[in-house]
Amino acid sequence: MLLCVTASHKTASFDLLERLSRTPDDVAPTLVDMTPCVQGAVVLATCNRFEAYVEMDEPVTAAGAIGVEAVLEAVEAATGVPATELDGAYTVHSGRRVAEHLFSVASGLESVVSGEGEIAGQVRRALKSARKEGTTSPELERLFQRASQAQRKVKNVTALGRAGRSLVRLALELADSRIADWSAERVLLVGTGAYAAVTLATLRERGAVDISVYSPSGRAEIFAAKHGIRPVAEADYARTAARSSLLITCTTATEPVLGPQHLQAPVGLAAATAGGCPVSHGSQLVVDLGMPRNVDPAVAALEGVALLDLETIRLHAPLEELQATDAARTVVREAADTFHVVGARQSVTPSVIALRSHIFSLLDSEIDRARARGDEDGKVEQALRHLAGVLLHEPTTRAHELAAVGRADDFAAALATLYGLSPEQPAVSAVDPLDDAASA
């Protein structure tokens, strides 16, 4: 049984999501270790969602309720967020709904900015992390691999990817209100990960040329050399930050990497934003794309400094592009239906194999007896093989019909009752499409 416990920008506050995202890597191992009926777990943590995907042992009574309770306990143990504080901040999907939800998430349909592309890579990295920790399972492998395939199909056959904008692009569009000439901006990029590369490309699209990069983890020189910008050393960080007119942070650090001490002494509260625009017209604009937040909120109190963070960006996100979204959701639903049809057939396959093996074992014995009695022309063998095929056709068809409506266990029980057969689950060979260059 598949289960998803999800807290997102639609159900939880920004502060709660930030706290959940501080130590997400510990949740899945804690969950698998604490509950024997949990067969696998994958945790997806982004700036706007925290989700645990779990495979439960199907025969367990009330597996869904047990799974949700286990997730909440693991989250509390790993992040320190009490389970009681999560009340009302999460939703639960189970069974057939899990695939459709994850496929929607991977395709950007559940994002703040409908169609944003960063989430696809985050979904793939969540599975890789689970593999590294040894917490994935065959069904979760199949679920996340099909999510990547569904995302690519949405991108290729709908206009959602072209219509949707990334958080980076939306943040810079909001910044347009105070930037007259991007080429004149002194930009400091703090961070060197995947978001930093997207941010740099988007800055250059808008005409920014004076760009420096600082890395709290010491990777500034490598990133700068690769992208043709200036690296900033630790000793020069505060001086460069104070002189920059636009600062964009996008690191995975769990504590703020930019504070008032890097900019200037607070003189008074920042000027109120005019005309409802989220960005004031101070001398410095700080854009915080980090989760947890990279910038100390006290920066907003500095004279002449405007702070644009994810919470503000979320409030100014555009309405969904309805036509593109509808087309994408159709693709997602079809992909989820296919996922369940294939899964149903796979669930009954061991039982079908067990029945066929049993019948063909009996057939081989009867063919040997026929040959011993003088079946020189093979006509008896041919008749027996035809009869075996006829006898197997109806049970095999019925098995697939039962599996399609979730009754594969009925077929297995019938085999056990009639023939004493106990089908073995085959080993799963995982095909890994996650490194496909086409996956954006």
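**Exercise 1. Work out the strand order of the six-strand sheet and find its edges.**

Solution. Start with the order: six strands make an open sheet, E7-E6-E5-E8-E9-E10, with parallel pairing. Now look for strands that pair on one side only: these are the edge strands, E7 (230-231) and E10. A word on the terms: helices (H or I, at least four residues) and strands (E, at least two) are DSSP runs, numbered from the N terminus. Two strands pair if DSSP finds at least two bridges between them.

Before going on, note that this is a predicted model, where local features need pLDDT of at least 70 and side-chain atom pairs count only at pLDDT 80 or more, while totals for chains, interfaces and linings use all residues. Residues are numbered from 1 along each chain as its sequence is written, and side-chain values use heavy atoms, with hydrogens and water left out.

**Exercise 2. Follow the pairing inside this sheet, then place helix H9 on it.**

Solution. Step one: strand E8 (residues 246-249) pairs with E9 in the parallel sense, over four bridges. Here Leu-247 sits opposite Val-286 in E9. Step two: H9 packs on the sheet and touches E5, E6 and E8, and its direction makes about 165° with that of E5. Contact means heavy atoms within 4.5 Å; axes are lines fitted to C-alpha atoms, for helices over the stretch in contact, and angles run from 0 to 180 degrees between N-to-C directions. Step three: strand E5 (residues 186-190) and E6 run parallel, joined by five bridges. In this pair, Val-190 stands opposite Tyr-214 in E6. Step four: strand E6 (residues 210-214) is mostly covered, as four of its five residues are buried. Buried means under 20% relative accessible area, exposed over 50%, partly exposed in between (1.4 Å probe, protein chains only).

**Exercise 3. Describe how H8 and H9 pack.**

Solution. First the geometry: helix H8 (residues 167-175) and helix H9 (residues 194-205) pack at an angle of about 40°, and their axes are 9 Å apart. The two helices are therefore oblique to each other. For the cut-offs, angles under 35 degrees count as roughly parallel, over 145 as roughly antiparallel, 65 to 115 as roughly perpendicular and the rest as oblique. Next, who makes the contact? From H8 come Leu-167, Val-168, Arg-169 and Leu-172, and from H9 come Tyr-195, Val-198, Thr-199, Thr-202, Leu-203 and Glu-205. Sorted by type, the contact residues of H8 with H9 are six nonpolar, two polar and two charged. In this scheme Ala, Val, Leu, Ile, Met, Phe, Trp, Tyr, Cys and Pro count as nonpolar, Asp, Glu, Lys and Arg as charged, and the others, Gly among them, as polar.

**Exercise 4. Map the four-strand sheet and the helices lying across it.**

Solution. Four strands form an open sheet in the order E2-E3-E1-E4, and the pairing is antiparallel. Strand E2 (38-46) and strand E4 (91-94) each have a single partner strand, so one side of each has no neighbour in the sheet. Neighbouring strands are turned by 15° against each other on average, direction ignored. Zooming in, E2 and strand E3 (residues 49-56) pair in the antiparallel sense over eight bridges, and Ala-45 has Phe-50 in E3 as its bridge partner.

Now add the helices. Helix H4 (residues 96-106) lies across strand E1 (2-8), E2, E3 and E4, at about 145° to E3. Helix H6 (residues 138-157) lies across E1, E2 and E3, at about 135° to E3. The axes of H4 and H6 come within 8 Å and cross at roughly 45°.

**Exercise 5. Is Val-98 of H4 buried or exposed, and what does this residue touch?**

Solution. Start with its helix: eight of the 11 residues of H4 are buried, so H4 is largely enclosed by the rest of the structure. Val-98 is itself buried, with a relative accessible area of 1%. Leaving out residues up to four places away in sequence, Val-98 touches Leu-2, Leu-3, Cys-4, Tyr-53, His-93 and Leu-143. Take Leu-3: the C-alpha atoms of Val-98 and Leu-3 are separated by 6.4 Å, although the two residues are 95 residues apart along the chain.
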